[in-house]
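Q: I should like to learn how to read helices, sheets, cores and salt bridges in a structure. Could we take one case and work through it step by step?

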Amino acid sequence: MDPLLTVEDLKVHFPITRGLLKRTVGHVYAVDGVSFTLGKGETLGLVGESGCGKTTTGLAVLRLIEPTAGRIHFAGRDVTALDAASLRLLKRDIQFIFQDPYSSLDPRMTVNQIVAEPLVIHRVYTPAQQRERVAFLLEKVGLTPEQGRRYPHEFSGGQRQRIGIARALALNPDMIIGDEPVSALDVSIQAQIINLLIDLQAEFGLSYIIIAHDLAVVEHICDRIAVMYLGKIVETASYADIYGNPRHPYTQALLSAVPVADPRNQKQRILLSGDVPSPIQPPGGCAFHPRCRHRMPRCSVETPTLKEVGEGHAVACFLHGSPANVSAGI
């Protein structure tokens with residue numbers, strides 16, 4: 001079966017300008033050659049440190065940020081070639097859940113107006129049907145129709161994120177991109193929102209891209225995980241392989257930082273030297289080599305590509321063999 005979403009060699013470079021004439025003097029290489037696929041009903045986690053390009057990747061998939069290069073195919077459509085009218089229609093099928101559940105909601109609108117806004121913009125249903133749809137969605141996310149008359153400031157953080165989820169579901173999309181959807185919430189509320197997303201996926205057949213820096217969170221919802229570092233995917237595999245047999249030194253370091261509840265079962269922490277290099281001047285060769293404890297001479301001059309090291313498991317590292325190159329997620 002063909003994947004629902006295919007991203008091929010996606011690049012997003014932001015120009016750096018100076019002077020009155022706005023002369024371009026450099027670029028920020030936010031995303032630099034990312035490829036992955038997403039199947040119908042599947043959940044892919046994009047994980048990595050802040051600044052690695054995972055949020056920019058999610059925004060570029062929906063063309064909220066214009067890609068510099070690469071191809072994005074969604075349900076047989078070339079997203080990168082769509083005109084404004086076609087892109088507007090595409091946004092019925094792909095929705096976004098933002099990180100901050102407060103700033104993403106208009107404080108001047110009631111919850112009913114917020115959830116109904118996509119229906120009004122896309123002219124879906126009659127006013128009476130829109131009200132029924134809003135009441136239905138509020139109940140689905142754990143709120144009551146009566147709460148729809150209230151304003152965002154009257155809700156807790158977890159309730160506001162439920163409102164954001166209801167808004168994302170309004171147009172019955174096929175795919176939802178969640179940008180750190182639980183990072184701003186208390187730990188107990190995080191579990192409730194993750195369970196809600198899982199339940200909604202099972203009921204509506206949704207596909208998810210979950211952007212996160214917390215590997216402990218994505219473990220509970222993702223089928224596959226793609227680990228990003230400095231604008232590139234360095235490892236991709238099923239969640240079981242990522243947690244049970246991480247191959248890339250960066251993935252191993254990320255996993256070593258995940259807290260363990262049992263003090264008798266503490267892991268040895270892998271401490272990375274130095275800071276993340278600047279995306280304005282990324283290092284030559286492997287972007288991770290300045291911080292890698294296993295670096296070799298070739299790492300500073302050659303750029304590793306994703307290579308399959310097991311079924312559905314690909315890694316961009318010279319520590320592992322040299323089978324034929326593969327795209328992420330294949």
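A: We may begin with helix α1, bearing in mind that this is a predicted model. Helix α1 is mostly covered, with seven of its eight residues buried. These buried residues are K54, T56, T57, G58, L59, A60 and V61.

Q: What general idea helps in reading the directions of residues along a helix?

A: An α-helix has 3.6 residues a turn, so residues three or four places apart point the same way. In this structure α1 spans residues 54-61, and T56 lies within that helix.

Q: Is T56 buried or exposed, and which residues does T56 touch?

A: The cut-off for buried is under 20% relative accessible area. T56 has a relative accessible area of 14% and is therefore buried. Setting aside residues up to four places away in sequence, T56 touches V12, F14, A30, V31 and I65.

Q: Across which strands does α1 lie, and what follows the helix?

A: Helix α1 lies across β1 (5-18), β2 and β4, and runs at about 110° to β1. After α1 comes R63, whose phi is positive, near 60°.

Q: What is the order of the strands in the open sheet?

A: The open sheet has four strands in the order β2-β1-β4-β5, and their pairing is antiparallel. The edges are held by β2 (23-38) and β5 (77-78); each has a single partner strand, so one side of each is left without a neighbour in the sheet.

Q: How many bridges join β4 to β5, and which residue is the bridge partner of H73?

A: Strand β4 (residues 69-74) and β5 run antiparallel and are joined by two bridges. The bridge partner of H73 is D78 in β5.

Q: What general idea helps in reading the two faces of a strand?

A: In a regular strand the side chains alternate between the two faces of the sheet. Strand β6 (residues 94-97) offers a case in which both faces are covered. I94 and F96 lie on one side and Q95 and I97 on the other, and all are buried.

Q: In which sense do β6 and β7 pair?

A: Strand β6 pairs with β7 (residues 175-179) in the parallel sense, over four bridges. Within that pairing, Q95 stands opposite I176 of β7.

Q: Which members of the largest nonpolar core touch the most other members?

A: The largest nonpolar core has 55 residues, and those touching the most other members are V115, I163, I165, L169, Y208, V218 and V227. Apart from this core lies another, of 35 residues, which includes V12, L59, V79 and I177.

Q: Which residues does I163 touch?

A: Leaving out residues up to four places away in sequence, I163 touches L105, V111, I114, V115, L143 and F155.

Q: Where does V141 lie, and is V141 buried or exposed?

A: V141 lies in the loop between α4 (127-140) and α5 (157-169). With a relative accessibility of 1%, V141 counts as buried. Beyond its neighbours within four places in sequence, V141 is in contact with R162, I165, A166, L169 and L196. By contrast, V141 and T251 are 33 Å apart in space, C-alpha to C-alpha, and 110 residues apart in sequence.

Q: What general idea helps in reading salt bridges, and how many are found in the whole structure?

A: Side chains of opposite charge can pair when their charged atoms come close. A search of the whole structure finds 11 salt bridges. One of them joins K40 to D174, with the closest N and O atoms 3.4 Å apart. K40 lies in the loop between β2 and β3 (43-47) and D174 in the loop between α5 and β7, so the pair ties together parts that are 134 residues apart in sequence. K40 is partly exposed, at a relative accessible area of 44%, and D174 is partly exposed, at 25%.

Q: Which residue forms a salt bridge with D93?

A: D93 forms a salt bridge with R77, and their closest N and O atoms are 2.8 Å apart. This pair links distant parts of the chain, 16 residues apart: D93 is in the loop between α2 (84-90) and β6, and R77 is in strand β5. R77 is partly exposed, with a relative accessible area of 27%.

Q: What is the N to O distance in the salt bridge of R150 and E154?

A: The side chains of R150 and E154 meet at 4.0 Å, N to O. R150 is partly exposed, with a relative accessible area of 28%, and E154 is partly exposed, with 36%.

Definitions and conventions. Residues numbered from 1 in each chain as written. Predicted model: local features only at pLDDT ≥ 70, side-chain atom pairs only at ≥ 80, totals over all residues. Heavy atoms only, no water. Buried < 20%, exposed > 50% of the residue type's maximum accessible area, 1.4 Å probe, protein only. Contact = heavy atoms within 4.5 Å. Core = buried A, V, L, I, M, F, W, Y, C linked by side-chain atoms within 4.5 Å. Pairing = 2+ DSSP bridges. Axes fitted to C-alpha atoms, helices over the stretch in contact; angles between N-to-C directions.
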